[in-house]
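Dear colleague,

Please find below the structure that I am handing over to you, together with its sequence. My findings follow it.

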Amino acid sequence: MNELLRHYADTLESLNAQGLLRLLPSTERKGLLDFSGNDYMALARRPELVEAATKAGHLYGAGATGSRLLSGNTPVHEAFERRIATDKGTEAALIFASGYQANAACIAALLDKSILGAEPIVFADKLNHASMHLGCALAGVRQTRYRHLDLEHLKVLLDKHATESRPKVILSESVFGMDGDQADIAALQDLALSFGALLYIDEAHATGVFGPRGYGLCEAVSLAPSTVVMGTMSKALGVSGGYVACAGIVRDYLINKAGGFIFSTAPSPLTVAAGLKSWELLPSLNAERAALLARAETLRKGLRGLGLDHGASTTHIVPVIFGTPERALSARDALAAQGITTSAVRPPTVPQGTSRLRIGLCATHTDQDIERLLTALGSL
Ligand SMILES: Cc1ncc(COP(=O)(O)O)c(C=O)c1O
């Protein structure tokens, strides 16, 4: 075997031996009770989205045909950005082909040492998403990690570096995707402002589910120009794509410096139009949001009754923490045998010793579905 292929094969063997090999799940999902998705508000299959996509396709084509800076800028891209900015309470917004790309491109550009004149000090929650780490790695910047959601610890670290003249940046998710717990956005912004730091918040899992009209945990906070809010269209909006809501100057800077924006074809008008339609539907879904969160509470109560550990979840994302990869995989397989789909999440996605099933609740799940899941978990 070619030497490189041998390295790849050895890696796969080693991952398999540790219970960490990733395999694509079956495409057959009919009739299964599915807790593995991120379509939290059940919007992905709404006919309004398909209609909006079809209409945009007829007007602008199936593909954007180029970067936004070349041929890919359409009225639907600009309309969506205006709407995001209005609803997030920022001056401007910019959309990307995916949330992963948005984080990698924006964080890398915002941390650019050659522009800031020095390596910024980046304070990052320990459990931030891989795409945020990628942005830091692309910028060649070391992260100063604070304990998950521990703002006391963050303050200690900020104090320690207070006299340094290097620029400071704080990175955090708002609802954490693997733990289902929440950051205190107002407190984070207060800290950032008092230390002159830029605050970057990833609302991937909060958009659609939290906020007075469903526009995320940041919706209830008056955002400073030095706060950048990122989110995705791929979770509760049921489509795909990413965005940042930010000051106008930040948008203009990203248009000029974010490689993942400049050198990538604009997202398809089909997905942008469907995303915009989803976004417009969010304010009408308050009852669905309340029911979703109430069901999550029922699930957590049931898990505690079974002696199972749901960590610090307070949202529609509920982990069931088993510890070892083998136990998480075996729980996933046992549930699958009963027609219930969950995701087994293992290191490096989550810390060692916290392998888990990740239960993602969706607005269409019923009390009976939760009961069925609990009964199946109780029989493990
Ligand atoms: C917190 C967080 N940020 C960003 C992303 C990437 O978003 P996308 O799936 O739109 O690429 C994810 C995806 O899982 C995520 O969980």
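Helices and strands are here DSSP runs, numbered from the N terminus, with at least four residues for a helix and at least two for a strand. In these terms, Phe 322 belongs to strand S9, and that strand is described further below. Please bear in mind throughout that the model is predicted.

**The chain as a whole**

The chain contains 14 helices and 12 strands. Its radius of gyration is 21 Å, which agrees with the value near 21 Å that a compact globule of 380 residues would have. The C-alpha trace spans about 55 × 55 × 55 Å along the principal axes. Of the 380 residues, 51% count as buried. Among contacts with a separation of 6 or more, 73% are between residues 24 or more positions apart. The exposed area of the chain is about 16800 Å², and 56% of that area comes from carbon and sulfur atoms. As for charge, there are 36 positive and 37 negative side chains, and the centres of the two sets are 1 Å apart.

**Strand S9 and Phe 322**

Strand S9 covers residues 317–323, and because 6 of its 7 residues are buried, the strand is largely enclosed by the rest of the structure. Its antiparallel partner is strand S12 (residues 355–360), with 6 bridges between the two. Within this pairing, Pro 319 stands opposite Arg 358 of S12.

What surrounds Phe 322 in this strand? Leaving aside residues up to four places away in sequence, Phe 322 touches Leu 308, Arg 327, Ala 328, Ala 331, Ser 355, Arg 356, Leu 357, Leu 377 and Leu 380. One of these, Leu 357, is 35 residues away along the chain, with 7.7 Å between the two C-alpha atoms. Phe 322 has a relative accessible area of 10% and is therefore buried, since the cut-off for that class is under 20%.

**Strand S7 and its two partners**

Strand S7 (residues 227–232) is mostly covered, with 6 of its 6 residues buried. In a regular strand, side chains alternate between the two faces of the sheet. In S7, Thr 227, Val 229 and Gly 231 point one way, while Val 228, Met 230 and Thr 232 point the other way, and all are buried.

Strand S7 pairs with strand S6 (residues 198–202) in the parallel sense, through 4 bridges. Here Leu 199 has Thr 227 of S7 as its bridge partner. Strand S7 also pairs with strand S8 (residues 242–246), this time antiparallel and again through 4 bridges. In that pairing, Gly 231 has Tyr 243 of S8 as its bridge partner.

**Residues in the loops**

Several loop positions also deserve a mention. The loop between helix H2 (47–60) and helix H3 (75–88) holds Leu 70, and Thr 65 is found in this loop as well. Leu 70 has a relative accessibility of 72% and so counts as exposed. Its C-alpha atom is 9.2 Å from that of Ile 262, although the two residues are 192 apart in sequence. Thr 65, at 64% relative accessibility, likewise counts as exposed. Thr 65 has a positive phi of about 70 degrees, although it is not a glycine.

Leu 149 is another residue other than glycine with a positive phi, near 65 degrees. It lies in the loop between strand S4 (143–146) and helix H7 (151–160). With a relative accessibility of 27%, Leu 149 counts as partly exposed.

Is Leu 285, in the loop between helix H11 (269–281) and helix H12 (286–305), buried or exposed? Its relative accessible area is 4%, so Leu 285 is buried. Leu 285 touches Met 41, Leu 43 and Arg 46, not counting residues up to four places away in sequence. Gly 302 is 17 residues from Leu 285 in sequence, and their C-alpha atoms are 26 Å apart.

Finally, a cis peptide bond joins Pro 347 and Pro 348, with omega about 5 degrees. Pro 348 lies in the loop between strand S11 (343–345) and strand S12, the latter being the antiparallel partner of S9.

With kind regards

Definitions and conventions: Residues are numbered from 1 along each chain as its sequence is written. This is a predicted model: local features need pLDDT of at least 70, side-chain atom pairs count only at pLDDT 80 or more; totals for chains, interfaces and linings use all residues. Side-chain values use heavy atoms; hydrogens and water are left out. The radius of gyration is taken over C-alpha atoms; the globule rule is 2.2 Å times the number of residues to the power 0.38. Buried means under 20% relative accessible area, exposed over 50%, partly exposed in between (1.4 Å probe, protein chains only). Contact means heavy atoms within 4.5 Å. Accessible areas come from the Shrake-Rupley method with a 1.4 Å probe; for residues, only the protein chains shown count as cover. Lys and Arg count as positive and Asp and Glu as negative; His and the chain ends are not counted. The place of a charge is taken as NZ of Lys, CZ of Arg, CG of Asp or CD of Glu. Two strands pair if DSSP finds at least two bridges between them.
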